[in-house]
Amino acid sequence: MTRSRSGERESARPRRRWPGYAAAAWGFVFAVPSFYWALGGTAGATTTISPSLVRLVEEGVTWFVVTLWITGVLKVVGGLLGLALARGPWGRRMSLLLQFAAWGAGVLLFWHGALFVVQGVLVETGSVVLAPDVLPVSRWYTYLWGPWFMAGGVLFAVAARARLSPPSGRRGEVAAGAAGGIGALVLSAGMLAAGVG
């Protein structure tokens, strides 16, 4: 009987870890285009990214190149966060920090992607009109970039959920995750209201 329970625990571990590994892979893969564009590469970007952003890359506008490097680094940090969620066990403080960061990242990513999708649907239904040269790019944001961000958000949320402590020690982690998620939502809404996001 003991052997059976131990075997069950061991077989459950890969299932609890896969979301963290998937979130890590998402972050590392998504960092590649940021670094590529920061280095001046535009292959593939001219049809899938806003023309104004492509021009900033082609002209090597310093603030935009720096932004690309920063976003690339943040995506690598997201990949490391995914790995941290997949590994463990961690101490109490680290578990709280991981829950806060993972739920914050999950909400930010999902919200950002959902905005792309909603805007794209509005364009597709004719509720919002775009210049003809931007219309094909809008479809990439609707059907590729938006869902990609949303998938990353879901992966980080699932990875965080999978790494919760047993029910007896869960309350603090749930509160930290809620704080991270709500904080990310407030930040995103504020940036959107300010016209930044």
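A residue counts as buried when its relative accessible area is under 20%. With that cut-off, helix H4 of this predicted model has these buried residues: Phe64, Val65, Leu68, Gly72, Lys75, Gly78, Gly79, Leu81, Gly82, Ala84, Leu85 and Ala86. An α-helix has 3.6 residues a turn, so residues three or four places apart point the same way.

## The chain overall

The chain has 197 residues, and 35% of them are buried. Its secondary structure consists of seven helices and zero strands. Read from the N terminus, the order is α-α-α-α-α-α-α. Take the contacts between residues at least 6 apart in sequence: 78% of these join residues at least 24 apart. The accessible surface is about 11400 Å². Carbon and sulfur atoms account for 70% of that surface.

## Confidence

The mean pLDDT of the chain is 86, and 90% of the residues reach at least 70. Among the elements, helix H4 (residues 62-86) has the highest mean, 95. Helix H1 (residues 2-38) has the lowest, 76. Residues 1-14 have pLDDT below 50, and this stretch makes zero contacts in the model beyond near neighbours in sequence. Where pLDDT is low, the predicted coordinates should not be read in detail.

## The nonpolar core

Which residues have the most contacts inside the largest nonpolar core? They are Trp37, Ile49, Leu81, Leu85, Trp145 and Phe156, in a core of 28 residues. Two or more residues each come from H1, helix H3 (51-58), H4, helix H5 (92-124) and H6. H6 gives the largest share, eight residues.

Leu81 shows some of the packing. Not counting residues up to four places away in sequence, Leu81 touches Leu98, Ala101, Ala102, Ala105 and Phe156.

## Helices H4 and H7

Helix H4 has 25 residues. From first C-alpha to last, H4 reaches 36 Å, close to the 36 Å expected at 1.5 Å a residue. Gly88 follows H4 and has a positive phi, near 135°.

Helix H7 (residues 171-193) has 23 residues. H7 reaches 33 Å between its first and last C-alpha, close to the 33 Å expected at 1.5 Å a residue. Its buried residues are Glu173, Ala176, Gly177, Gly180, Gly181, Ala184 and Ser188. What do the buried residues of H7 pack against? They pack against H5. Just after H7, Gly195 takes a positive phi of about 80°.

## Four buried positions

The table gives the relative accessibility of four residues.

| Residue | Relative accessibility | Status |
|---|---|---|
| Gln99 | 2% | buried |
| Thr142 | 5% | buried |
| Leu68 | 8% | buried |
| Ser95 | 12% | buried |

**Leu68.** This residue lies in helix H4. Leu68 counts as buried because its relative accessibility is 8%, against a cut-off of under 20%. Outside the four places on either side in sequence, Leu68 touches Ser34, Trp37, Ala38 and Val57. The C-alpha atoms of Leu68 and Phe35 are separated by 6.8 Å, although the two are 33 residues apart along the chain. One of the Leu68 partners, Trp37, is among the residues with the most contacts inside the core.

**Gln99.** This residue lies in helix H5. What does Gln99 contact, leaving aside its neighbours within four places in sequence? The partners are Ala160, Arg163, Leu164, Glu173, Ala176 and Gly177. Of these partners, Glu173, Ala176 and Gly177 are listed among the buried residues of H7.

**Ser95.** Helix H5 also holds Ser95. Leaving aside neighbours within four places in sequence, Ser95 is in contact with Trp90 and Glu173. Glu173 is also a partner of Gln99. Ser95 and Gly172 are 77 residues apart along the chain, and their C-alpha atoms are separated by 9.2 Å.

**Thr142.** Helix H6 (residues 135-162) contains Thr142. Which backbone oxygen does the side chain of Thr142 reach? That of Ser138, at 2.8 Å. Not counting residues up to four places away in sequence, Thr142 touches Phe116, Val117, Gly120, Val121 and Pro147.

Conventions
Residues numbered from 1 in each chain as written. Heavy atoms only, no water. Helix = DSSP H or I, 4+ residues; strand = E, 2+ residues; numbered from the N terminus. Buried < 20%, exposed > 50% of the residue type's maximum accessible area, 1.4 Å probe, protein only. Contact = heavy atoms within 4.5 Å. Areas by Shrake-Rupley, 256 points an atom, 1.4 Å probe, with all protein chains shown as cover. Polar contact = N/O pair within 3.5 Å; in protein donor to acceptor, adjacent residues only side chain to side chain. pLDDT = per-residue confidence, 0-100. Core = buried A, V, L, I, M, F, W, Y, C linked by side-chain atoms within 4.5 Å. Expected span 1.5 Å × (residues − 1).
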